[in-house]
Amino acid sequence: MARIDLVDLAQSYHGNDADIESFALKPVTMTWRQGGAYALLGPSGCGKTTLLNLISGILTPSRGKILFDGTDITHRTTRERNIAQVFQFPVIYDTMTVGENLAFPLKNRGVPKAEIDKRVAEIARLLDLTPDLNRKATRLTADAKQKISLGRGLVRSDVAAVLFDEPLTVIDPELKWQLRSKLKALHRELDLTMIYVTHDQTEALTFADTVVVMHDGRVVQSGTPAELFDKPAHTFVGYFIGSPGMNILAAEVKGREARIAGHTLSLARSYDALPAGAKIEIGVRPEFVDVAEPGPGLLDANIERVDDLGRIRFARVRVGDVKFAARLPAGVSPQGSAIGLKFNPAYVHVYADSRLVEGA
Ligand SMILES: Nc1ncnc2c1ncn2[C@@H]1O[C@H](COP(=O)(O)OP(=O)(O)OP(=O)(O)O)[C@@H](O)[C@H]1O
């Protein structure tokens with residue numbers, strides 16, 4: 001297990017002198033804590049696999065360096081880095097038994113037999129593979145094979161980190177749910193540094209203690225699921241995480257007030273020094289905008305439709321030309337379309353050129 005430091009790390013597939021905006025990974029400096037459970041989350045093409053391949057050693061960076069426990073390993077091979085990896089599709093040997101497959105990474109490293117037997121038994125127990133240990137892997141389903149791949153990734157206790165690249169893609173939805181919770185439990189038991197790449201927010205939020213969100217080659221926020229939800233550092237995080245995502249509305253902000261579509265909202269903090277010429281927006285999650293009967297002090301709006309998600313309902317509302325989502329509390333049934341909106345000022349954030357501005 002290791003602490004991993006990325007120092008000004010960047011990757012270009014178009015030569016090292018290319019314009020930085022074209023880099024698949026723009027320069028990033030950050031630390032991954034020893035023993036942490038991380039998810040690397042972002043849409044397709046944002047640079048997740050590139051970052052993972054730099055950490056594993058499949059790629060050599062265009063710029064910057066990588067340290068494991070303070071030692072520069074930027075130019076070491078994957079094997080020398082001592083990393084375990086689990087890929088999207090199963091990597092197992094059909095001719096071997098399940099037990100032999102699990103033992104393989106340990107045998108390969110010359111671990112004594114008694115230790116191998118103990119560790120294989122432990123991993124098989126944790127993944128419910130004990131009854132299958134003596135079966136040949138050849139006739140197993142794709143789900144079962146991927147479970148063995150997970151086991152092979154987790155079987156070594158001396159690795160610097162275990163990297164998972166969308167490991168549940170081929171898994172049936174019901175088993176996916178079980179394995180996701182299982183991986184979280186395994187992390188607690190095995191005390192390994194784990195980095196889990198996914199584009200699926202539910203997978204990221206259920207697995208990780210810390211979610212690293214990427215957008216367009218940049219790490220835009222790294223935080224706990226609650227931090228990403230309550231205080232998105234970038235409008236992309238607000239929009240990408242949550243269902244529906246955060247409302248992002250063009251606004252004029254002065255002091256403790258924001259004006260949207262000719263209406264004034266109160267803010268919890270004061271914003272007197274916003275950068276000149278920046279695009280100013282406010283962001284507020286639908287969960288922190290309540291719909292009520294029209295009344296004094298409330299923002300007048302019209303409901304265009306209601307999305308009923310079972311336990312929770314969201315109204316799609318319009319204020320002038322601006323459209324957004326708001327929570328419809330239990331028991332409130334909108335009579336006609338005219339309503340009042342109540343914003344919780346503590347959760348109304350201000351963004352300049354998409355980045356969060358801390359008020360005073
Ligand atoms: N070998 C390569 N040569 C050229 N461009 C590449 C190469 N690998 C990735 N890219 C580009 O770099 C960018 C980041 O790709 P990357 O695979 O890291 O993203 P990702 O977030 O993992 O996406 P996905 O989930 O689709 O794999 C994309 O624009 C991609 O087209």
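Two strands count as a pair here if DSSP finds at least two bridges between them. With that in hand, here are the close-ups, all taken from a predicted model.

**Figure 1. The whole predicted protein, before we zoom in.** The chain has 360 residues, and 37% of them count as buried. It carries nine helices along with 21 strands. Laid along its principal axes, the C-alpha trace spans about 75 × 50 × 30 Å. Take the contacts with a separation of 6 or more: 67% of those come from residues 24 or more positions apart. As for confidence, the mean pLDDT is 92, and 99% of the residues reach 70 or more. The model scores are ipTM 0.97 and pTM 0.92.

**Figure 2. The stretch that UniProt annotates as a domain.** According to the unreviewed UniProt entry, "domain: ABC transporter" covers residues 4-241. Over residues 4-241 the chain is 37% helix and 23% strand. The two end C-alpha atoms of this stretch sit 26 Å apart.

**Figure 3. Strand β3, a strand with cover on both faces.** β3 takes in residues 37-41, and five of its five residues are buried. Side chains in a regular strand alternate between the two faces of the sheet. In β3, one side holds A37, A39 and L41, while Y38 and L40 are on the other, and all of these are buried. Now look at the strands it pairs with. β3 pairs with β8 (residues 194-198) in the parallel sense, over five bridges. Within that pairing, L41 stands opposite T198 in β8. β9 (residues 210-215) also runs parallel to β3, and four bridges join the two. Here you'll find Y38 opposite T210 in β9.

**Figure 4. Helix α4 and its buried side.** α4 runs over residues 113-126, so counting by the DSSP runs used here gives a helix of 14 residues. From first C-alpha to last, α4 reaches 20 Å, close to the 20 Å expected at 1.5 Å a residue. V120, I123 and A124 are the buried residues of α4. They cover an arc of only 100° around the axis, so they end up on the same side of α4. Flip over to the other side and A114, E115, K118 and R125 are exposed. What covers the buried residues? The cover includes α3 (98-108) and α5 (142-154). Just past the end of α4, keep an eye on D128, which takes a positive phi of about 55°.

**Figure 5. Strand β20, with one face covered and the other not.** β20 takes in residues 349-352. H349 and Y351 make up its covered face, whereas V350 and A352 are on the uncovered one. Compare this with β3 in Figure 3, where both faces are covered. β14 (residues 280-284) pairs with β20 in the antiparallel sense over four bridges. In that pairing, I282 stands opposite V350.

**Figure 6. The hairpin of β20 and β21.** β21 (residues 355-357) pairs with β20 in the antiparallel sense, over three bridges. Which residue of β21 is the bridge partner of Y351? That would be L356. Y351 also belongs to the covered face of β20. Two residues lie between the strands of this hairpin. Here D353 takes a positive phi near 45°.

Terms used
Residues numbered from 1 in each chain as written. Predicted model: local features only at pLDDT ≥ 70, side-chain atom pairs only at ≥ 80, totals over all residues. Expected span 1.5 Å × (residues − 1). Buried ≥ 20, exposed ≤ 12 C-beta atoms within 10 Å, placed from the backbone. Arc of directions from axis to C-beta. Contact = placed C-beta atoms within 7 Å. UniProt positions renumbered as here; feature names shortened; annotations may be inferred. pLDDT = per-residue confidence, 0-100.
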